[in-house]
Amino acid sequence: MDTVRIFDTTLRDGEQSPGFSMNTGEKLRLARQLESLGVDVIEAGFPIASKGDFEAVRAVAGAIRNSTVAGLARARRPDIEAALGALEAAVRPRVHVFLATSDLHLQHKLRISREEALEAIGTMVEFARSRCAEVEFSAEDASRSDPAFLAQAFSTAADAGATILNAPDTVGFATPEEYGDLFRALRAQLGDRPGLVWSAHCHNDLGLAVANSLAAVAAGARQVECTINGIGERAGNAALEEIAVALAVRPDRYAATTRLRLNELYAVSRLLSEITRVPVPPNKAVVGANAFAHEAGIHQDGILKNPLTYQVISPEAVGVPKHRLVLGKHSGRNALRSRLGDLGVVLAEDEVGRCYRLVMELADTKKDVNDADLLRLARDAQSGRDIPEDSVATEAVHGSVTLPRGNPA
Ligand code: KIV
Ligand code: ZN
């Protein structure tokens, strides 16, 4: 079984779409949750784009220890220098250099020739590689580029030191067959190069982003670029949770797995939705409220007899809680532990104590302490924040209420 690297670009491609902007603190919270989920790479932003983007990448680079942190840069020296500066504190930094390769983009957007494009790719990837151990090159609009020129661009980038080559379907134009064929052709043309990883990056304009990403995996791509809840430019990027679960459910087709803790998918999806205040559509695959709900009598009957009749994955496998304990000022430590567990957060005993006191303090002013509140207070407790024991009421153990979540299984 091969491993497919998950490159999460929620904080860059996702965040740059209308309605999804986040401040540095919010990006940090999400980045920590992504690290806990186990993503291989967190693309934290586009440092040259603004001071805020630079600061956010810098903050994420300083806080994340277990995932690679990537910063985006055009094939220009100032962009690469900004990315290098923002990534200084990263344990595993990656500079992600991109340049468009389709004639449409070269002629109408960049107004440069193919030769000038190759020159920029070679010199800028080499410059980035001289300062950073890991460089990715993306050929923007790869799926609409002349295949021979595209192969030349990738070969130039690989010769200059890029070890991850990404062929984006930037405008969501490709079909799964075409996109898979593109990877097969590129791999054949560039041949076996030690350490080289092919990457897919799909947009959802025709609703094919996940299907295209999976087609790329079937054709040998070993990195997939995607976002939580599929957020991103226009119709969005490929949804991380859908790709991860498809790979987990269909090893017979893809023979590839990820390093993700799938039971944290629900928590990170909800955290993003709470931060951005954009609800997850109820029918969203894997993490939508209806994804595991069964209304029709025949389906309910089947599910009760054997969940496999109408479910290809269990809600628990992706962290969807079967029931939800409402946390209020009458709740106890066990209810708190259970809700934190649903969100994929495990605290040490002293942290539970601190978190409990912080929750009780908030519950005095708020009826239902929601998931976003809980995640924030759990982080606070982990970093040592506390309030005096005698300023909150002693534990009331009997006040928790159990609510069904519409899942009869
Ligand atoms: O869609 C795209 O082509 C991109 C690149 C910058 C990787 O987001
Ligand atoms: Zn993109």
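Donors are taken here as N, O and S atoms within 2.8 Å of the metal (3.2 Å for Na, K and Ca), and sites may look incomplete because water is not among the atoms. In this predicted model, the donors of the zinc ion (ligand 2) are spaced along the chain as D-x187-H-x1-H. They are D13 (OD), H201 (NE2) and H203 (NE2), which lie 2.0 to 2.1 Å from the ion. Distant parts of the chain are linked in this way, since D13 belongs to helix 1 and H201, 188 residues apart from it, to strand 8 (residues 197-202); helices (H or I, at least four residues) and strands (E, at least two) are DSSP runs numbered from the N terminus.

Ligand 1 is surrounded by R12, D13, H96, F98, S138, E140, N166, P168, T170, H201 and H203, where a residue is near a molecule if one of its heavy atoms lies within 4 Å of it. An oxygen atom of ligand 1 lies 2.6 Å from a side-chain N or O atom of T170, and a distance of 3.1 Å separates an oxygen atom of the ligand from a side-chain N or O atom of H203. At least two residues of this shell come from each of helix 1 (10-14), strand 5 (93-100), strand 6 (135-140) and strand 7 (164-169).

Residues are numbered from 1 along each chain as its sequence is written. Local features need pLDDT of at least 70 in this predicted model, and side-chain atom pairs count only at pLDDT 80 or more.

Key
Chains are lettered from A and ligands numbered from 1 in the order in which they are written. Side-chain values use heavy atoms; hydrogens and water are left out. A polar contact is a pair of N or O atoms within 3.5 Å; within protein, one must be able to donate a hydrogen and the other to accept it, and residues adjacent in sequence count only if both atoms are side-chain atoms.
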